[in-house]
Amino acid sequence: MAGSIQSVERAAAILRLLAGGERRLGLTDIASTLGLAKGTAHGILRTLQQEGFVEQDTASGRYQLGAELLRLGNSYLDVHELRARALVWTDDLARSSGESVYLGVLHQQGVLIVHHVFRPDDSRQVLEIGAMQPLHCTALGKVLAAYDPVAHSEALEGAREEFTPRTLTAVPDFEAVLDLTRARGWAVDLEETWDGVASVAAPIHDRRRMPVGAVGITGAVERMCENGEVRARLVAAVRDCARSVSRDLGGGRFQ
Amino acid sequence: MTDTTEAAASSHGTGPFIAAIDQGTTSSRCIVFDRDGRIVAVDQKEHEQIFPKPGWVEHDAAEIWTNVQEVVAGALDKAGITTADVKALGITNQRETTVLWDKATGEPVHNAIVWQDTRTDGLCKELGRNVGQDRFRRETGLPLASYFAGPKIRWMLDNVEGLRERAEAGEILFGTMDSWVIWNLTGGAQGGVHVTDVTNASRTLLMNLRTLDWDDKILSSMEIPAAVLPEIRSSAEVYGTAKGALEGVPVASALGDQQAALFGQTCFSKGEAKSTYGTGTFLLLNTGDEPVNSYNGLLTTVGYRIGDQKPVYALEGSIAVTGSLVQWMRDQMGLIKSAAEIETLAMSVEDNGGAYFVPAFSGLFAPYWRSDARGVIAGLTRYVTKAHIARAVLEATAWQTREIVDAMNKDSGVELTSLKVDGGMTSNNLLMQTIADALDAPVVRPMVAETTCLGAAYAAGLAVGFWQDTDELRANWRRAAEWTPRMDAADRDREYKNWLKAVERTMGWIEEEH
């Protein structure tokens, strides 16, 4: 097997060994069965343990397969589960920011709005669950494109329509925005999709740090911005919300 | 819920605050609210469910009191505040659950008998004499059923050795969980106040809805000595001040949980209604300052009373199986992995494919009250898939809501203009839209999901002047989402007709046992 990496092969062999039914094996058994030095076997086991693929019984010190392996084959997060988990946090974000909140996931070539909380004033608003937003210019879309490689290629391959004079459509400009988004952990849309409207969004990750969606607020530029930038207080509120939802997904997601 | 604290506290000022205790069926919670009605901190602790026999459900009242003290301390700690920052303490509670205790020692004489407990079924039949379950309906607004507190008191007096004599001698006190918590908070055996509020008292089968006082005739029919009963007070007034850890904090509200949700949803006007979608569903309609008799299987109950203002009455309808039907699809049928997935499955088809699911698992409740009914899935063809069944599951909750709203309309003559919703199932967008379609009225979700605790906090805050009036509370209410009806009127009529046809097919399944 040309170019194969020895330590990966050995890790795979250990997993196969542990996968033989209901069993726990000690370090000595594992090392001798696979013909490895104890130190080598221990290093690989420790790495697998950090990744959650192997667990060590605290009493006996023996090893068994970890829960993470089961999750690999079962990793699709239902968007309605995402909404249920996000409900409390997004309500609180709407309250603290005074703006409307959107939760979006990648769907085909755009952002599907899976949850929407009204701006907390008495104005008439229409629920926008099920609506689509573009990937290349909205805050939600930029966050998804920055963190999810599938969203990234969809945004590059798709038509990047110029909605306003401020919409960035050229690839280098777009990539620079995504770099900035990754560097600071949030994205903005300052009148790049709708005139007079600004939005800010941050990524939601599951427990394996996989990007599963984006949450953000949208409102009039006059309220959202100060000196041409989104108010720091609003950015902080959005990021707090994203972190809370992410934490919630890590807690009991596979129960 | 600990995370709520950290995230929320950062954006709150320094107070003052109102704390609310929710003494519920499975757990006790304490939530601290700020002036805007936003949650500052939450603490929660579950208590043991005791099942001594099939159909019997008990709680250890002493354990509950310990937990209440712990969650209050826990919530204040998480909020990073002291009792000096707490302007008042409100209480909401699982309704009808009954405890009797020794006035001198504060020791419960028996485990609390929980509302779900059916041990008094036979006793209720007996108490109905030749009249049946409506014997006390005119006075109390309730049918003689095992849920309510009165028959539970009678059961303990009959079954705990020597209890009747001690009760008649004035040594024993009765309370629903509000009374138990307030008596203990305000000093217990050392001068605790023995009170209940009108909403809790309206669930005992012992209070006259018009006089708002214990009904002597019913007391003598049920053979319950008046000496055990607490004084009936309003839902929002200072009953006393706390002793011990909360020294000096006014204890200023009590409301049964569903009434508290009505209050928290700010349904202060006649014709306003809220529906709480959980395992089961409870719909309450504010009927103003006159109790409305129900001829359509609903309960008449007190909604709330603020201090010496006029009481506000409500009609109540409950649906036994709503969220639990989704759980059944998950746990018994294995058609979905999580409750939220019901929406994904249902969204994969356009309609119910002709299938209707009536979950009459333990008979039909309001407005039918048929214990001989059992669940039915009607309209099955080869075309129907599990996705159509998932649709039918959600539609079942919507049509049952419609049936209750129709019954309320008939009883009260009040047309529902919109429905305020809360509870776990409100995260299901398709369900909320389906309810709006079935009712042909907008469905509105408020921004604070914890309407029960919020209601108790609001009532306590009103009592101490933290909030001035109900208008100020209304101003706090924020719309988080609104679903407007989108269904064609002809479609709605046809679907409702089909649903009613399916309901008919559930009846008479259980044959009279001899």
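**Exercise 1. Determine how β6(A) and β7(A) are joined, and place them in their sheet.**

Step 1. In this predicted model, β6(A) and β7(A) run antiparallel and are joined by 4 bridges. Two strands count as paired if DSSP finds at least two bridges between them. Helices (H or I, at least four residues) and strands (E, at least two) are DSSP runs, numbered from the N terminus.

Step 2. A register point is given by A:Asp189, which stands opposite A:Ser199 in β7(A). The two strands form a hairpin with 6 residues between them, and A:Glu191 in the turn has a positive phi of about 55 degrees.

Step 3. On to the next strand: 9 bridges join β7(A) to β8(A), again in an antiparallel arrangement. A:Val200 stands opposite A:Ile217 in β8(A). This hairpin has 5 residues between the strands, and A:Arg209 takes a positive phi near 65 degrees.

Step 4. The open sheet of chain A has 6 strands in the order β5-β4-β3-β8-β7-β6, with antiparallel pairing. Its edge strands are β5 (132–134) and β6 (187–190), each of which pairs on one side only. From one strand to the next the twist averages 30 degrees. Strand β4 (residues 110–117) of chain A pairs with β5(A) in the antiparallel sense over 3 bridges, and A:Gly110 stands opposite A:Pro134 in β5(A).

Step 5. α6(A) packs on this sheet, touching β3 (100–107), β4, β5, β6, β7 (197–205) and β8 (211–220) of chain A; its direction makes about 35 degrees with that of β7(A). β7(A) is mostly covered, with 7 of its 9 residues buried. Buried means under 20% relative accessible area, exposed over 50%, and partly exposed in between (1.4 Å probe, protein chains only).

**Exercise 2. Describe the packing of α6(A) against α7(A).**

Step 1. Two packed helices are described by the angle between their axes and the distance between the axes. For helix α6 (residues 139–147) and helix α7 (residues 149–157) of chain A, the angle is about 115 degrees and the axes are 5 Å apart. Axes are lines fitted to C-alpha atoms, for helices over the stretch in contact, and angles run from 0 to 180 degrees between N-to-C directions.

Step 2. The contact involves A:Leu144, A:Ala145 and A:Tyr147 of α6(A), together with A:Pro149, A:Ala151, A:His152 and A:Ala155 of α7(A). Contact means heavy atoms within 4.5 Å.

**Exercise 3. Assess the burial of strand β8 of chain B and identify its pairing with β6(B).**

Step 1. Strand β8 (residues 172–176) of chain B has 5 of its 5 residues buried, so it is largely enclosed by the rest of the structure.

Step 2. In a regular strand the side chains alternate between the two faces of the sheet. Here B:Ile172, B:Phe174 and B:Thr176 point one way, B:Leu173 and B:Gly175 the other way, and all are buried.

Step 3. β6(B) and β8(B) pair in the antiparallel sense over 5 bridges; the bridge partner of B:Thr98 is B:Thr176.

**Exercise 4. Compare the settings of B:Arg95 and B:Tyr147, two positions that UniProt lists under "binding site".**

Step 1. The unreviewed UniProt entry lists B:Arg95, B:Glu96, B:Tyr147, B:Asp257 and B:Gln258. Such annotations may be inferred rather than shown by experiment.

Step 2. B:Arg95 is in the loop between β5 (86–93) and β6 (98–102) of chain B. It counts as buried because its relative accessibility is 5%. Leaving aside neighbours within four places in sequence, its contacts include B:Trp115, B:Asp257, B:Gln258 and B:Glu316.

Step 3. B:Tyr147 is in the loop between α4 (137–140) and α5 (149–159) of chain B. It is partly exposed, with a relative accessible area of 30%. With the same exclusion of neighbours within four places, B:Tyr147 is in contact with B:Glu96, B:Trp115, B:Lys152 and B:Phe365.

**Exercise 5. Locate B:Asn429 and name its contacts.**

Step 1. B:Asn429 lies in helix α14 (residues 429–439) of chain B and counts as buried at 14% relative accessibility.

Step 2. Not counting residues up to four places away in sequence, B:Asn429 touches A:Arg83, A:Leu127 and A:Ile129 of chain A, and B:Glu343 and B:Trp483 of chain B.

**Conventions.** Residues are numbered from 1 along each chain as its sequence is written, and chains are lettered from A and ligands numbered from 1 in the order in which they are written. In this predicted model local features need pLDDT of at least 70 and side-chain atom pairs count only at pLDDT 80 or more, while totals for chains, interfaces and linings use all residues; side-chain values use heavy atoms, with hydrogens and water left out.
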